[in-house]
Amino acid sequence: MKRAATALAAIFGGALAFGPVVAANTPPSDSARQSSPKNDAGSKAGVDAWMQGDYAKAVAIWLPLAATGDADAQYDLGQAYRLGKGVPVDFPVALEYYRKAAGQGHPRAQESYGLLLFAMNRRAEAMPYLQKSAERGEPNAQYIVGTALYNGDLAPRDLVRAYALMSSAARKGMPAATSSLAAMDQSIPEATRNRGLELATQMEQSRQAQVAVVRQVPPPAKLATTTIPAAALSAAAKAVEEEAARLKAAAHTPTPKAETKAAPTSPATKTPPPTPTPKAEVAQVASAKAGSWRVQLGAFSTDERANSAWVALSKKVKELSGYKPILVKGGNVIRLQAGPLATQTDAQKLCSSVKASGADCILKAM
């Protein structure tokens, strides 16, 4: 199916705009932060400026940090030069910043470096980075590596693994992967396809085994420390219906792991930021409903950064108000997701609203 290779234009068409890696208005620092405490404050100021549309200010903040070897700032500048935000579009400069950050183990920089190398026709150099990204579950990389394995280009032909990666990318809502998967269905024997699906399941299970327990992100100004038990959520939901005053008390009930019961008062041992309004609590508790789909809005290094991104994005996308923010921790990456959603169609509609605001969004099946 050599024609599958031509579908790469879906990712690398136009001005090297490779897929949904980063939308123009999404802060480039949506990756694992690796800054020192001193640099982290400056890097965050750059993210804040980017979110407000002041790209030139963001670049000015990141330049001196990148010069000191800060991997986050180097990755951020790579995004800015690739997108032409705050600076002219310059792919070679973007590639160099990606290279520096990738060399320090920056996950998103490694992915972006591989994608840009591939887009610039330096495909053999790109493959090691894309293969690592594919193993981490990144759909763009899975699509490219899956195509290469199918065609036997840049890697030995492996139909089972090719089908596994392509089906995984398609399941994450990537149209180009869905089209290529349909073409594979016409040429790969059913037994081989079944083995590919089994491998895809094994790969996902292995990846999930390395991901920390999913924790609900607390209200915007509240420090995230533990997962709120289902029983506490149910009690809070009931309190909403009975009495607004009781809702506020229930929503601020601490649930430390060392205790068997949550106290009916606000935490005394932790110093939370300013108290959020009761309405914000009601929206999160009331939205805790069943569903097998989520949407992913970005990846961060701390709960606080994911929390800040949720606040900024939920202000721009009113459809998000009906869902709860969720953190998925894996290694040094914290993924911000929203949900749950009952069907894939619901998830696609929500993603469309998010993308319409200029932000990035990926479907996630649970």
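Colleague: Is Ser 133 buried or exposed?

Modeller: Happy to start there, bearing in mind that this is a predicted model. Ser 133 has its place in helix H8, residues 123-135. Buried means under 20% relative accessible area. Ser 133 has a relative accessible area of 0%, so the serine counts as buried.

Colleague: Which residues is Ser 133 in contact with, leaving aside its neighbours within four places in sequence?

Modeller: Contact here means heavy atoms within 4.5 Å. With the sequence neighbours left aside, the contacts of Ser 133 are Gln 110, Glu 111, Glu 138 and Ala 141.

Colleague: Why does Glu 319 count as partly exposed?

Modeller: Glu 319 lies in the loop between helix H16 (303-316) and strand S3 (324-330). Partly exposed is the class between under 20% and over 50%. Glu 319 falls into that class because its relative accessibility is 36%.

Colleague: Which residues does Glu 319 touch, not counting those up to four places away in sequence?

Modeller: One distance helps to place this loop residue: the C-alpha atoms of Glu 319 and Lys 349 are separated by 9.4 Å, with their positions 30 residues apart along the chain. The residues that Glu 319 touches are Leu 350 and Ser 353.

Colleague: Which cysteines form a disulfide, and how far apart are their sulfur atoms?

Modeller: Good one, as the structure holds one disulfide. Its partners are ten residues apart, with Cys 351 in helix H17 (residues 344-356) and Cys 361 in the loop between H17 and strand S5 (362-365). The link is left-handed, with -85° about the S-S bond. The pair is Cys 351 and Cys 361, with sulfur atoms 1.9 Å apart.

Colleague: Why is the pair of Trp 50 and Trp 62 tilted?

Modeller: The count comes to five aromatic pairs, and this is one of them. Planes under 30 degrees apart count as stacked and over 60 as edge-to-face, the rest as tilted. The ring centres of Trp 50 and Trp 62 are 5.9 Å apart and their planes are at 35°, so the pair is tilted.

Colleague: What about the rings of Tyr 81 and Tyr 97: at what angle are their planes?

Modeller: Tyr 81 lies in helix H5 (residues 71-83) and Tyr 97 in helix H6 (residues 91-102). Tyr 81 and Tyr 97 are both buried. Their ring centres are 6.0 Å apart, and the pair is stacked because the planes are at 20°.

Colleague: Which ring does the charged end of Arg 157 sit over?

Modeller: For an arginine, a charge over a ring needs CZ within 6 Å of the ring centre. The charged end of Arg 157 is 4.9 Å from the centre of the ring of Tyr 150.

Methods:
Residues numbered from 1 in each chain as written. Predicted model: local features only at pLDDT ≥ 70, side-chain atom pairs only at ≥ 80, totals over all residues. Heavy atoms only, no water. Helix = DSSP H or I, 4+ residues; strand = E, 2+ residues; numbered from the N terminus. Buried < 20%, exposed > 50% of the residue type's maximum accessible area, 1.4 Å probe, protein only. Disulfide = S-S within 2.5 Å. Phe/Tyr/Trp six-rings, centres within 6.5 Å; stacked < 30°, edge-to-face > 60°. Lys NZ or Arg CZ within 6 Å of the ring centre and 35° of its normal.
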